[in-house]
6 protein chains.
Amino acid sequence: MVIEQPRVLCVGAHAADFAARCAGALAHYASKGCAVKVACWSFGERGESADSWLNNPGIDAEGVKTIRRQEAGDAAKALGVDIEFLNFGDHPCEVTAGRLEKLVSVMRQFRPDLLLIHWTHDPYNTDHAIIGEACIKAYRMAKGPGVNPGEEQLHFPDVYYMEGSLPLSEHSRFIPTYYVDITETFQQKTECMRQLKSQLFMEVRYRQLAEFRAAQIRSFTGNQGIQYAEAFARFTPWSGNTLPLFERQTVRKFSY
Amino acid sequence: MVIEQPRVLCVGAHAADFAARCAGALAHYASKGCAVKVACWSFGERGESADSWLNNPGIDAEGVKTIRRQEAGDAAKALGVDIEFLNFGDHPCEVTAGRLEKLVSVMRQFRPDLLLIHWTHDPYNTDHAIIGEACIKAYRMAKGPGVNPGEEQLHFPDVYYMEGSLPLSEHSRFIPTYYVDITETFQQKTECMRQLKSQLFMEVRYRQLAEFRAAQIRSFTGNQGIQYAEAFARFTPWSGNTLPLFERQTVRKFSY
Amino acid sequence: MVIEQPRVLCVGAHAADFAARCAGALAHYASKGCAVKVACWSFGERGESADSWLNNPGIDAEGVKTIRRQEAGDAAKALGVDIEFLNFGDHPCEVTAGRLEKLVSVMRQFRPDLLLIHWTHDPYNTDHAIIGEACIKAYRMAKGPGVNPGEEQLHFPDVYYMEGSLPLSEHSRFIPTYYVDITETFQQKTECMRQLKSQLFMEVRYRQLAEFRAAQIRSFTGNQGIQYAEAFARFTPWSGNTLPLFERQTVRKFSY
Amino acid sequence: MVIEQPRVLCVGAHAADFAARCAGALAHYASKGCAVKVACWSFGERGESADSWLNNPGIDAEGVKTIRRQEAGDAAKALGVDIEFLNFGDHPCEVTAGRLEKLVSVMRQFRPDLLLIHWTHDPYNTDHAIIGEACIKAYRMAKGPGVNPGEEQLHFPDVYYMEGSLPLSEHSRFIPTYYVDITETFQQKTECMRQLKSQLFMEVRYRQLAEFRAAQIRSFTGNQGIQYAEAFARFTPWSGNTLPLFERQTVRKFSY
Amino acid sequence: MVIEQPRVLCVGAHAADFAARCAGALAHYASKGCAVKVACWSFGERGESADSWLNNPGIDAEGVKTIRRQEAGDAAKALGVDIEFLNFGDHPCEVTAGRLEKLVSVMRQFRPDLLLIHWTHDPYNTDHAIIGEACIKAYRMAKGPGVNPGEEQLHFPDVYYMEGSLPLSEHSRFIPTYYVDITETFQQKTECMRQLKSQLFMEVRYRQLAEFRAAQIRSFTGNQGIQYAEAFARFTPWSGNTLPLFERQTVRKFSY
Amino acid sequence: MVIEQPRVLCVGAHAADFAARCAGALAHYASKGCAVKVACWSFGERGESADSWLNNPGIDAEGVKTIRRQEAGDAAKALGVDIEFLNFGDHPCEVTAGRLEKLVSVMRQFRPDLLLIHWTHDPYNTDHAIIGEACIKAYRMAKGPGVNPGEEQLHFPDVYYMEGSLPLSEHSRFIPTYYVDITETFQQKTECMRQLKSQLFMEVRYRQLAEFRAAQIRSFTGNQGIQYAEAFARFTPWSGNTLPLFERQTVRKFSY
């Protein structure tokens, strides 16, 4: 009963959030022929574009947005996925009824089976938590025929949380309960991050994080082939005829 | 990469815990030809055999155990699964190194892919929580070559929690994050519970609970065909190449 | 020192929230001659009126509100309680200083001894949580002579939380710590729900929930006469000369 | 439906725990003619008798117990309540099946309507938490006809938690949700504490705490007459035909 | 590596919040020659000025603000610290992008080493929590060169939480993990509170709280010289070459 | 008022726990001339010595202990610290009154200013949590003149928690709130881990973890010089005349 070719929608607060949090998983889905899309609430023009401001004295917000649009577009291209910019601003992200209605329209038009959203507690960058909450509101609103009447309602995508501000999971109280093995697509994730030229620190930091998550999940599965992983948590509960089990390795000797 | 024919082991504190908590899921696995076994820490001779004591004035603990052994054996038979009685006593359950070593042996001999254990917070019947914790200790000890040297080590079964004292989930802080649709095996679960003649209240109570869990999961999936469900939570995190998604119903009209 | 004839005010996010969550308790108070009032933040015209939209193609929000006003008015009448519609919109509920001031006025004018509000964590319908929080703000503002100067201040109603989105209490982290036996008024609650013709699923679902809550509280009291119950939690702490105790049944035989 | 003359049993880990935590409430019940009893797991001979050891060089545990028995007996007398010493030792408190069975017998013999137990998280004196947990086990065991067969089963006393290590409630994560006004019996509580001559610091500390708890509850009730209070939390949920409300003061001017 | 002369900025929701929560600590820093400043989001003209309204019939919000500005200015003077009024209103506090930008400017201009903010859970006065959250947003925004371009970025002040609504810490889930001994500056704190003539209850209540906090910390340190203390918690984690240790007293005899 | 030359005691459940969790910090203290000691509850002969069992067919527990004693002794030597083996067994660790009394004696004899203990929630290796709890009991018992009469009481060491099972902090709910920069002693930590020849995987895993913790704390301090760090949390609260602040780096450009 598993959906073979899920449609995948990721909603990020800023233009580069998808690259750090789920580029490996997105590349995997795209490589299997799934429709994959990233929607960006903002360009991250105030909150994650420090280099653009510092390297271009006198630049203004519109100038930074132009740079970010190009970089994030290239990053999405490196994964083979679509990207849309809502241009609702950041630092702070402000959520209004009208913006939620637009987010509902984006969801209903794309019709995701899998919806990736931000974790909703993030004291070190509240933008992420605010947009995570906005997605939860929009997920509910998308079911209602009274919201944007005329649009086709959207029911029951599987919703997963991406990690909070990286690599500060304990401080965000994020507990990774789903790990995705991205060993095969890690090179693509690296390419993706390299396009975000204003944030070149990303490559080192998120390689380190991917290795760390892989070390964790190796300790639960014994599968020594997992070299890079991304971590998620589930919003909606699981439903099935059985409990999901993963294939384990035959292990004779295990290092704790 | 899903395991097709998992070996399933359920460890209960008392003889009837499996019937209330996971009989529907066990029946499903057994019907698919999986090896399924129930291990009972105690006969529940002090904590869940009130009728046996009250209906048989002058009976002693050994007498109650004899009754319970028969009833629980019949209940397991109704599901087509094996059952073993460790006879370690209840109310209170006392955990010692020796008893843990025995539990490790049981696990290592059966070699489960799926291990079902008690939820570890249960203020209204602490026996359950104590045996849940004992299983977590044994799960870890089973990996170690230094525990019961000579036995073959056991690595990485998937571990799921069963519900706490029923139907008091909020008081046990149990959050059901995995629901199993037991519509097809609910008749077998009913038969199973009817064998536990000392606890005839079970049938009504757990039918009600199964309907309640079904109502919950219908609200997440829109699948109106789910009439009975059992609820679980996961101990070990999920690992996979993708995120698990379940097939959704096409829903035009949804009642919140 | 118990207040014999409390004035009771329930504030719901949508027009039908009171019917599902506390109609049994409201009917009880009304039957004892207490003044009882329901205030509705919105008509639930976008978030809980799916049938009105789907069954009336081309209808608009004002049309749905007209239907809901009628239904909810009839539902209140079935309990013998008053109802007021604030018409502040839903999906999303947006809280402003002006709307809070209006809510303060409603509270101060009615002068409740008992104030029933929404539980403040509700991921599956954030409207409820938002209005629960709004009530907590208004409860505080109502004490201040500087808010709406000229109105009489309101001090210290007992505040209780109603359940979160039903029947998803574990997912809303709602722990029911006060149960009200509604066996005597359950027929009235049923009548009340039947008036909400756009949500006819309510009757089955909330009868099931009321039976479930009754089963829980029977397990704490042994009182087999409780057939239907509603669940609550307290916001403000209890104060008294003694600790409140309820009368217990004499129980010889107890099924766990 | 309130029980007018409840039988009250308090179980403390050490001989003086009742004096600090609930002497005011116990005195109130005793003054109304209720049967009131204190059961002490240990004399606190190792954990709360520092002065007895330091002031009597060369004394041994038995010597200290003799002192404590006298002091605690006098303290109980000051309240007009009974006291029993189980003499099971402290620092650490060790719980065995046999000791739990004895505790069950004490409960069944006294047959409390109101059972006061220790809060179950207490990092700064784990004895309290351990005995709190033991009481929860015994509360459950007392229902079972298979435990100490022949004794009359005990069903459903109301159970309340006393505060954790005083005055460290935040560190024990104790949230006081029930306050008892002990203004009228505070003089008796003071007399009670003065009998515990090995712990003369008690009087000052617990007067300060009682004033602090009173200040808290005044801020919820506006009742300026509450000068001393004790704080509790509830283990079992409340059940009733209505929600408990306390009489409020008429307040014109309120200091936040 | 300790900063010897930290610049200290406290941001309160209302004009008097600093007096109750951290006046002792502020006086200490000021006495050592540190630059110390208080920024007030509002005058507390609606939420904490009950006396000003009740004692001046017919007064309006502007009139109350004038009174509060004078009182809070005198209170700051009693400590020897600066004060600034943002005049953004209270009950409710409403946070906008523009107000956050102003708060960022205040922070960047003052350049604090130590930033004192409100605790972010406070059900009994949500203004405090809202402004605590606003400060966390502004702390982050202050790092970004894209926020208020042209201003000098502010990096990494140490951030500490002040207590929630006093004295209701358990209800606000505030766990004090840092205590500051204010025995030496308590007289100044008293003078400070006396200036707030509209809230004369403060002096008694916060002396009681300071004694209570001192009793707590004496039980952790044995230092009997601590007579008054203020309590805090840390937002950002500690970093150092070693773990911070405080000097302990030599204690022969310790009362638990 | 900082203690300049603290005496440092680390209590581990198994022989190698100190190497992974705090070897960098211990090396730092030792290099400053502090007395530093490690006490090991067990040799980890069953739970962390897989290689010793697998590489030496037919070996028994005593044989493994001999190997572990040598390795752990060499590891301690690499840091310049003392080590003591209590030999109380592992997998499971069983805590008795007698063993706690011995632990009290060890503490009292060494008289630590800084006591490092295990974090008390650790589902993937409950040994750690059990010994963490045991240390908290012993910390309390060590204050009491009635425990091991004749020994000198020990009052108020600063107690810090080490990390839970590595690198599974989120699953252990460990929130690192104190980071120690171990860049200078990381080479010694590496030497230390290399002595534990039965667990050669340690070096890679804990270098990775130390880099990860360093990345986290760099994001809070901007100090790019921190290349390796260890993480801790505090058991007892902080007390001081001021709030501890660390020296920050001057940062012009900051990568989030």
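**Exercise 1. What percentage of the interface residues of chain E are also interface residues in chain F, and what follows for the surface through which the copies meet?**

Solution. The structure is a predicted model, and the comparison begins with the superposition of the two chains. Chain E can be laid on chain F by a turn of 180° with a shift of 0.0 Å along the axis, and the RMSD is then 0.0 Å. That is the relation of a two-fold axis. Within chain E, the residue whose C-alpha comes closest to this rotation axis is Pro244(E), at 3.9 Å. Turning to the interface residues, 100% of those of chain E are also interface residues in chain F, so the copies meet through the same surface.

**Exercise 2. Describe how chain A is related to chain B, and state which C-alpha of chain A is nearest the axis.**

Solution. A turn of 180° and a shift of 0.0 Å along the axis lay chain A on chain B with an RMSD of 0.0 Å. The C-alpha of chain A that is nearest the axis belongs to Pro244(A), which is 4.0 Å from it. The interface residues of chain A are, to 100%, also interface residues in chain B, so these copies meet through the same surface.

**Exercise 3. Characterise the interface of chain A and chain B by its extent, its polar and charged pairs, and the elements that chain A supplies.**

Solution. Start with the extent: 51 residues of chain A are in contact with 51 residues of chain B. The area buried between the two chains is about 4900 Å², and carbon and sulfur atoms give 61% of that area. Next come the specific pairs, where the count of salt bridges between chain A and chain B is 0, whereas 15 residue pairs are found in polar contact across the interface, both residues being at pLDDT 80 or more.

The elements of chain A that each supply at least two residues of the side touching chain B are α1 (17-31), β4 (114-118), β5 (158-162), β6 (178-181), α7 (201-221), β7 (229-234) and β8 (238-240). The largest share, 5 residues, comes from α7(A). By residue class, the side of chain A that touches chain B divides into 28 nonpolar, 13 polar and 10 charged residues.

**Exercise 4. Find the strand of chain B to which β8(A) is joined, and name the bridge partner of Gly240(A).**

Solution. Strand β8(A) is joined by 3 bridges to strand β6 of chain B, residues 178-181, and the two strands run parallel. Within β6(B), the residue that serves as bridge partner of Gly240(A) is Val180(B).

Note on methods: Residues are numbered from 1 along each chain as its sequence is written. Chains are lettered from A and ligands numbered from 1 in the order in which they are written. This is a predicted model: local features need pLDDT of at least 70, side-chain atom pairs count only at pLDDT 80 or more; totals for chains, interfaces and linings use all residues. Side-chain values use heavy atoms; hydrogens and water are left out. Contact means heavy atoms within 4.5 Å. Buried area is the accessible area (1.4 Å probe) that two parts lose on being put together, summed over both. A salt bridge is a side-chain nitrogen of Lys or Arg within 4 Å of a carboxyl oxygen of Asp or Glu. A polar contact is a pair of N or O atoms within 3.5 Å; within protein, one must be able to donate a hydrogen and the other to accept it, and residues adjacent in sequence count only if both atoms are side-chain atoms. Helices (H or I, at least four residues) and strands (E, at least two) are DSSP runs, numbered from the N terminus. Ala, Val, Leu, Ile, Met, Phe, Trp, Tyr, Cys and Pro count as nonpolar, Asp, Glu, Lys and Arg as charged, and the others, Gly among them, as polar. Two strands pair if DSSP finds at least two bridges between them. Copies are superposed by least squares on the C-alpha atoms of residues with pLDDT of at least 70 in both.
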